[in-house]
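Here is a short briefing on selected helices and strands. Keep the sequence and the 3D view open as you read.

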Amino acid sequence: RRTLHGVLATVRQWLASPELSSSRLAVVTTGAAGPAVEQGNGDRAGLAATPVWGLVRAAQAEHPGRIFLVDVDTGLDTGLEVGIEAAELIATAIAEAEPEAAVRGGAVLVPRLAVLPVPAGEPARWNPDGTVLITGGTGGLGAVVARHLVTAHGVRQLLLTGRRGPDTPGAAELCAELAGLGADVRVAACDVADRDALAALLDEVPAERPLTAVVHAAGVVDNALIESMTGAQLDAVLRPKVDGAWHLHELTAGLAAFVLFSSAAGTLLGAGQGNYAAANVFLDALAAHRRAAGLPAVSVAFGLWGDSDGMAAMLDDAARARLRRLGLPPLSTARALALLDAALRSGEPAVVAVDVDADAVRARGDEAPAVLRSLAGSGRGPGRAGRAPRLAAGVAALPARERTRAVLDLVVEQAAAVLGLRGVGAVAPTRAFRDLGFDSLAAVELRNQLVAATGVALPATAIFDYPTPTVLAEQVAGQLVSQPSGQPDAGAGEGADPTRSVLAEIDRLTELVDAVPDGGRVAVADRLGALVRRCQQAGLAGPPLPEVDLRTASDQELFAVLDSELEIR
């Protein structure tokens with residue numbers, strides 16, 4: 001908890017510092033690169049630091065190209081600072097634009113996913129006389145797994161836990177169904193994050209039907225972008241996943257199977273889920289830790305189960321389309337269960353169970369996750385980054401109105417693609433992004449697309465700061481022109497004083513606003529708000545803004561706000 005809270009606070013502070021917007025951050029850990037690097041060494045599992053990788057991977061997905069993860073050898077670590085050799089290797093990894101790397105024995109290792117050969121054959125049948133505990137067993141995913149264990153693995157004794165136990169909606173029907181399949185089922189209300197409650201439950205398992213296997217599927221989500229994530233949100237998600245898994249690890253013995261339901265959020269899909277990503281990476285590390293100690297364990301980092309009643313039920317059609325566009329389509333239940341059986345036969349402590357659409361991954365170019373490059377048969381592609389210099393130069397050469405129109409076309413095009421809508425006509429330029437159906441994850445994707453296409457620095461909250469496509473396009477067009485690579489404004493005379501020009505425009509605006517009817521005040525307030533934020537980003541902020549609601553303010557109040565912000569007297 002202390003490690004994660006500290007890293008979250010540091011990353012949030014760094015992201016919120018305008019003076020650091022053009023810098024890059026390297027988060028350096030020791031012995032926390034995960035089972036692929038630390039295999040066979042339980043003492044180096046780095047359980048306390050490993051979840052940092054999940055948290056930071058989420059931050060990387062939300063802010064591509066700005067944050068790097070590097071794990072160093074213990075021998076190269078010198079407390080709060082790394083040695084010169086390690087520092088040089090870290091610099092090499094960052095120069096290669098690898099989002100994460102491990103420095104081992106003077107070499108830089110980078111992660112790549114690969115297809116894992118799995119022995120063919122029927123899944124092993126578990127001891128029919130032993131009890132199998134499924135945490136989260138009364139939820140949608142837990143119920144699916146319980147049925148599968150009975151029908152495919154011959155399990156006959158089930159202990160299903162959930163926070164509401166028998167009172168969980170559908171629990172009675174599930175028990176009746178499993179009983180009809182030949183299983184003896186008990187449902188218990190137990191918070192597995194409560195060590196004493198879990199110990200008491202395990203003590204109640206009858207000796208003639210001893211506990212022989214654990215499936216830890218409990219979990220909750222509390223999504224938020226890194227900039228807005230709180231310590232309470234972090235703890236709420238860690239509790240059932242991390243605390244529950246650790247208590248199961250400590251309180252059980254003599255098991256034939258210890259199965260942890262992890263998530264690909266920790267490896268590939270962490271944007272907006274930094275807390276969930278951190279919790280699941282811990283499960284992967286715990287499985288490696290157990291295997292190194294000679295104990296059974298496998299952690300399966302699943303992609304989204306597309307037709308389950310669990311967390312997938314919270315995704316709308318646009319979110320599912322987003323996953324397909326990312327090259328990681330949702331798994332059918334049958335496919336996910338087949339991957340579960342393959343993971344159980346694999347002999348590996350931690351695996352990632354996803355389907356990869358190689359064509360979709362290749363189409364993302366250099367925006368695709370680095371870990372998928374080998375699997376999708378792609379190297380560093382051109383992506384959209386190559387468009388940025390051309391777009392900046394082209395837009396800067398246009399008259400002011402045409403600049404905004406050109407950028408607006410791009411914003412509308414990308415917004416429609418993110419929402420999975422057909423045709424740019426489906427996105428009204430003056431309609432609020434929230435009303436169009438944008439959530440935080442869609443907002444991040446649109447921001448990333450625009451940054452890649454234009455090279456303009458935008459915050460993850462861009463669509464909330466600039467609430468319509470038109471307002472956002474004006475902001476991006478203005479920044480394109482102000483970039484060093486851009487050309488001077490064609491409307492500005494040579495040698496003109498930019499301050500005088502701005503003040504003259506504000507004087508003209510003062511006259512125009514007096515004539516704005518009541519129905520247009522909201523649009524005016526939105527534009528003025530965007531202008532104020534732009535001045536703040538440019539370091540032109542004056543005294544603190546008066547407490548005024550721009551949407552309901554009088555003309556005099558609006559001008560007072562603008563005058564205060566621009567230090568006009």
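Buried here means under 20% relative accessible area. By that cut-off, 16 of the 19 residues of helix 9 are buried, so helix 9 is largely enclosed by the rest of the structure. The model is predicted.

**Helix 9**
- Helix 9 covers residues 274–292.
- From first C-alpha to last, helix 9 reaches 27 Å, close to the 27 Å expected at 1.5 Å a residue.
- Gly 294, just after helix 9, takes a positive phi of about 85°.

**Helix 15**
- Helix 15 has 20 residues, 400–419, and should span 28 Å at 1.5 Å a residue.
- The end C-alpha atoms of helix 15 are 29 Å apart, which agrees with that expectation.
- Buried residues of helix 15 include Arg 403, Gln 414, Val 407, Leu 408 and Leu 410.
- The C-terminal residues Val 418 and Leu 419 are also among the buried ones.
- Gly 420 follows just after helix 15, with a positive phi of about 70°.

**Strand 2 and its partners**
- Strand 2 spans residues 67–72, and 6 of its 6 residues are buried.
- Ile 67, Leu 69 and Asp 71 point one way from strand 2.
- Phe 68, Val 70 and Val 72 point the other way, and they too are buried.
- Strand 1 (residues 25–30) runs parallel to strand 2, joined by 6 bridges.
- Within this pairing, Leu 25 stands opposite Ile 67.
- Strand 5 (residues 100–104) also pairs with strand 2 in the parallel sense, over 3 bridges.
- Ala 101 in strand 5 is the bridge partner of Val 70.

Terms used:
Residues numbered from 1 in each chain as written. Predicted model: local features only at pLDDT ≥ 70, side-chain atom pairs only at ≥ 80, totals over all residues. Heavy atoms only, no water. Helix = DSSP H or I, 4+ residues; strand = E, 2+ residues; numbered from the N terminus. Expected span 1.5 Å × (residues − 1). Buried < 20%, exposed > 50% of the residue type's maximum accessible area, 1.4 Å probe, protein only. Pairing = 2+ DSSP bridges.
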